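Please examine the two-chain model below. The discussion asks on what grounds certain descriptive terms are applied to it.

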Amino acid sequence: MQKKAILIDKKDNVATALCQLGKGDSVQVGVEDFTSDTVLLENIAFGHKFALRDIQQGGAIIKYGEAIGLATKQIRHGEHVHVHNVESQKGRGDKQ
Amino acid sequence: MKFLGYRRSNGSAGTRNHVLVFPTIVCASTVAQMISGRVAGTVCAIHGCGCGHVGEDKEQVIRTMVGFTGHPNIAGVLLVGNGCELITPDVIAGELAKDGQRVEATSIQEAGGTSKCVEEGVRLAEKLLAEASSIERESIDISELILGLECGGSDAFSGLTANPALGVASDLLVAEGGTAIFTETTEMLGAEQILAKRAGDAEVERDIYEKISAAEAKAKSMGMDIRGSQPSPGNIEGGLTTIEEKSLGCIRKGGSTTIVQVVNYAEKPSRKGLVIMDGTALDVGSNIGLIASGAQVIAFTTGRGTPVGTPSVPVIKVSTNTDTYQRMKENIDINAGVIIDGKGTIQSVGKQIFGELREVASGKVTKAEILGHREFDIPTLGPVL
């Protein structure tokens, strides 16, 4: 059966959709013996990320077991995680 | 854990037993190809280098030629020159002799033209082939393997399936005492702090920052701002949020172990474990740099599909999705798309890649080898004068 979403590393607090997912969908992801359940609070497009737990404003977004950016506002479990609520720590030349 | 490889007189371990016919200058390409064409069982690698190199470029081209022709997968090498070039067979042969490589050489001017040089070359290549054919595989510890990591024709699945799975295989090899090398410096941009945190010591940490900022500065000097434009609007639409995330999708093929060393393009690591090679993001040039750095097997992830192989080192292709695997089955060895299909996990595909690595190192031919893919290139730092 086609997998709905993927978790790369146990430490991650986001998972990535492998197909178009809808608001209210229940999604389970896991690595080895670790699993995590989420009810989506909004639609998530293929390739986009959703939160596996609540993330505080200023908290790190963890994917690949590493911080890929910081939350610019409180993100709830099941919310879309993208440029509207995440800021790069490194990406901009003027911010080095 | 062991594999079956070729033990060379200098102590190094090969996964193949090739006789290579190699022009040290572009002018000798045709003669080299003629010789190789007449001696079945030899391989040939042609390129556009050998003259007009200065400074750092000259050093890198020579280092690449020496590393490639002196590689443990080469049982013997016939160097072919013209005679008046900067990098004559003598330049390379002198370096190879220090390392105990079996080498013969011929030059067109000295032999008295194309036909005579081909005749002499055929005689020498036949001799090398006869010698090589008596060497047998033996049991060698897997800690002597250096796995080159490469990705090309990436897609939205690369960072989710094939690269993380290859990362698992890298971790397994490093856990066995082996070495994995990843490269493509521009693709590390934005993740330098993350990589630096994984550095084994302060020198490695400094090298990571230096190499990545040099790659960025070089792109800038040619009018390209890599960092400012990342991730691209297309990347963002596809779900990539930050440059860190994009870079990590590439870097993850190196797994999660400590970075023990940073080496220059075509430079051999002196430590075992996970190594960064500073170098081009162009696939063929990356492959050849990894070989010159000592990789005896390359694992290559691809989203869109790519056919490339190398003249001397097997390349294991891993597709990121099942569509590409089905379309290009004859080119692809392992399908990481099963992770999406629910028929495998990052861990299970990683273990499959590691198993394949052992088998390929021991002699199992890859799809690229079956099809005869032997792409070769030496990247130049320019300008060539």
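The following exchange concerns a predicted model and sets computed values against the criteria behind each term.

Q: Why is Ala368(B) called buried?
A: A residue counts as buried if 20 or more other C-beta atoms lie within 10 Å of its own. Ala368(B) has 25 other C-beta atoms within 10 Å, and therefore it is buried.

Q: Where is Ala368(B) found, and with which residues is it in contact beyond its neighbours within four places in sequence?
A: Ala368(B) is part of helix H15 of chain B, residues 367–371. Leaving aside neighbours within four places in sequence, its contacts are Pro307(B), Val308(B), Gly309(B), Val315(B), Lys317(B) and His373(B). For these pairs, contact means that the C-beta atoms lie within 7 Å. By comparison of another kind, the C-alpha atoms of Ala368(B) and Phe182(B) are separated by 20 Å, with their places 186 residues apart along the chain.

Q: What makes helix H11 of chain B mostly covered?
A: In helix H11(B), residues 283–292, 9 of the 10 residues are buried. They are Asp283(B), Gly285(B), Ser286(B), Asn287(B), Ile288(B), Gly289(B), Leu290(B), Ile291(B) and Ala292(B). Each of these meets the cut-off of 20 or more other C-beta atoms within 10 Å, and the helix is therefore described as mostly covered.

Q: What covers the buried residues of H11(B), and which residue with a positive phi follows the helix?
A: The cover includes helix H2 (55–69) and the strands E8 (146–151), E9 (179–182), E11 (274–277), E12 (297–302) and E13 (315–319), of chain B. H11(B) is followed by Gly294(B), whose phi is positive, near 115°.

Q: How do you know that the radius of gyration of chain B agrees with that of a compact globule?
A: For 385 residues, the globule rule gives a radius near 21 Å, and chain B has 21 Å, so the two agree. Its C-alpha atoms fill a box of roughly 65 × 45 × 40 Å along the principal axes, and buried residues make up 58% of the chain.

Q: How do you know that chain A agrees with the globule rule?
A: With 96 residues, a compact globule would have a radius of gyration near 12 Å; chain A has 13 Å, which agrees. The C-alpha trace of chain A spans about 45 × 25 × 20 Å along its principal axes. Of its residues, 44% count as buried. Chain A has 0 helices and 9 strands.

Q: How do you know that domain 1 and domain 2 of chain B touch?
A: Contact requires C-beta atoms within 7 Å, and 14 residues of domain 1 are in contact with 13 residues of domain 2. On the domain 1 side, H2(B) gives the largest share, with 5 residues. That side divides into 7 nonpolar, 6 polar and 1 charged. The domains cover residues 18–132 and 141–371 of chain B, and their C-alpha centres lie 30 Å apart.

Q: What makes up the side of chain A that touches chain B?
A: In total, 27 residues of chain A are in contact with 27 residues of chain B. Strand E7 of chain A (residues 66–71) gives the most to this side, with 3 residues. By residue class, the side of chain A that touches chain B has 9 nonpolar, 11 polar and 7 charged residues.

Definitions and conventions
Residues are numbered from 1 along each chain as its sequence is written. Chains are lettered from A and ligands numbered from 1 in the order in which they are written. This is a predicted model: local features need pLDDT of at least 70, side-chain atom pairs count only at pLDDT 80 or more; totals for chains, interfaces and linings use all residues. Two residues are in contact if their C-beta atoms, placed from the backbone, lie within 7 Å. Helices (H or I, at least four residues) and strands (E, at least two) are DSSP runs, numbered from the N terminus. Ala, Val, Leu, Ile, Met, Phe, Trp, Tyr, Cys and Pro count as nonpolar, Asp, Glu, Lys and Arg as charged, and the others, Gly among them, as polar. A residue is buried if 20 or more other C-beta atoms lie within 10 Å of its own, exposed if 12 or fewer, and partly exposed in between; C-beta atoms are placed from the backbone. Domain bounds come from an automatic or database domain assignment. The radius of gyration is taken over C-alpha atoms; the globule rule is 2.2 Å times the number of residues to the power 0.38.
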